[in-house]
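I open this notebook page with the sequence and the model side by side, and I mean to write down what I look up in the order in which I look it up.

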Amino acid sequence: MIKKNRAFLKWAGGKYSLIEQINQRLPATGRLIEPFVGAGSVFLNSNFDAYLLNDINPDLIEMYKIIKRKPLQFIKDAQIYFQPKYNNESIYYKLRVEFNATTDVYQRALLFLYMNRHGYNGLCRYNQKGAFNVPFGRYKKPYFPEKELIFFAEKAKKATFVCKSYEKLFQYLRDDDILYCDPPYVPLSNSANFTAYTRTGFSRQDHENLAFLAEKSKCCVLISNHDTALTRDLYVNAECDFLNVARTISSKASTRKSVAEVFARFRAHTTNKG
């Protein structure tokens, strides 16, 4: 059995539990492009020639760039915030204020990791003004992911990190590129509309646009999403596989239920020349 590698971040909607299913549906070679990289579980558990990893969240991408460039220094400095004195509610909120006020990219990266591991349920959420607003998590002893950071930094040697809109990535594709798209999912209900990874959110129009770009792409595109009437309509021209996945957003284990998801694979679009 192949060992799986965990991301160093907690991440809502992370794909660690679906790695095998995702890799089975992706071509084996080429450059993997992820327009919505998140915590990077697919990146960490695949073996492509190169990676182009994107996210619209600049805090996430800047942190990844720093870890790639100077991992040992980052690990040394981040570890300070995992001392017991920092696992304190009042200190957490003071550091959250500091994070929202500072423009120092390196300090923001350190605090981003701190808040990810000390904040409630590992959420990454911003308000409409762009301020990080996840409350304190009240964990007994937050885990410092040193070995996961080291693995990420080594794997990052094959990766380029960018912070662009997902549409931009479709403009610069090579013939051997493969895209895996894991957008904020279509909500299952009005109360479940969790799109605030960034202040801009992800609308129905975005989902429609992503499906359109995937269908017209000259490269293979795999999209994961909730299995709903909307996504079945959006992916009508794709090869779709359906499965049930344990939902992990809920803070109570007793309320975490199996949810239907879809993998939609769009094969490379070719244009006839005459």
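The entries below go from the whole chain to the sheet, then to two helices, and last to single residues.

**Entry 1, ground rules.** I note that this is a predicted model, in which local features need pLDDT of at least 70 and side-chain atom pairs count only at pLDDT 80 or more, while totals for chains, interfaces and linings use all residues. Residues are numbered from 1 along each chain as its sequence is written, and side-chain values use heavy atoms, with hydrogens and water left out.

**Entry 2, the whole chain.** I looked up the secondary structure and found 10 helices and seven strands; these are DSSP runs numbered from the N terminus, helices being H or I with at least four residues and strands E with at least two. The chain has 274 residues, of which 51% count as buried; for that word I use under 20% relative accessible area, with exposed meaning over 50% and partly exposed in between, for a 1.4 Å probe and protein chains only. The accessible surface comes to about 14100 Å², and carbon and sulfur atoms hold 51% of that surface; the areas come from the Shrake-Rupley method with a 1.4 Å probe, and for residues only the protein chains shown count as cover. I also looked at contacts (heavy atoms within 4.5 Å): among those with a separation of 6 or more, 70% link residues 24 or more positions apart.

**Entry 3, the sheet.** In what order do the seven strands lie in the open sheet? I read E3-E2-E1-E4-E5-E7-E6, with mixed pairing, where two strands pair if DSSP finds at least two bridges between them. Strands E3 and E6 stand at the edges with a single partner strand each, so one side of each is left without a neighbour in the sheet. The twist averages 15° from one strand to the next.

I then followed the pairs. E1 (residues 31–34) and E4 (residues 177–181) run parallel and are joined by three bridges, with Leu32 having Ile178 as its bridge partner in E4. Helix H3 packs on the sheet, touching E2 and E3, and its direction makes about 145° with that of E3; axes here are lines fitted to C-alpha atoms, for helices over the stretch in contact, and angles run from 0 to 180 degrees between N-to-C directions. Helix H9 (residues 204–216) also packs on the sheet, where it touches E4, E5 and E7, and its direction makes about 155° with that of E5.

E7 has antiparallel pairing with E5 over six bridges and with E6 over eight. Within E7, Val262 is the bridge partner of Asn225, and Glu261 is that of Leu243. Seven of the nine residues of E7 are buried, so this strand is largely enclosed by the rest of the structure.

**Entry 4, helices H3 and H4.** H3 has 12 residues and reaches 16 Å from its first C-alpha to its last, close to the expected 16 Å, where the expectation is 1.5 Å times one less than the number of residues. At its N-terminal end I found Asn57 as a cap, with a side-chain oxygen 2.9 Å from the backbone nitrogen of Asp59. The buried residues of H3 are Asp59, Leu60, Ile61, Met63, Tyr64, Ile66 and Ile67, and their cover includes E2, E3, H4, H5, H6 and H7. In H4 (residues 71–79) the buried residues are Phe74, Ile75, Asp77 and Ala78, with H3, H6 and H7 included in what covers them.

**Entry 5, single residues.** Is Arg31 buried or exposed? Its relative accessibility is 13%, so Arg31 counts as buried, and it lies in strand E1. The side chains of Arg31 and Asp177 are joined by a polar contact of 2.8 Å, a term I use for a pair of N or O atoms within 3.5 Å, of which, within protein, one must be able to donate a hydrogen and the other to accept it, residues adjacent in sequence counting only if both atoms are side-chain atoms. Leaving aside neighbours within four places in sequence, Arg31 has contacts that include Tyr51, Leu52, Tyr172 and Arg174.

I closed with the loop between H6 and H7, where Asn121 is found and where Arg138 is found too. Asn121, which is not glycine, has a positive phi near 60°, and Arg138, also not a glycine, has a positive phi of about 60°. Asn121 counts as partly exposed at 23% relative accessibility, whereas Arg138 is exposed with a relative accessible area of 60%.
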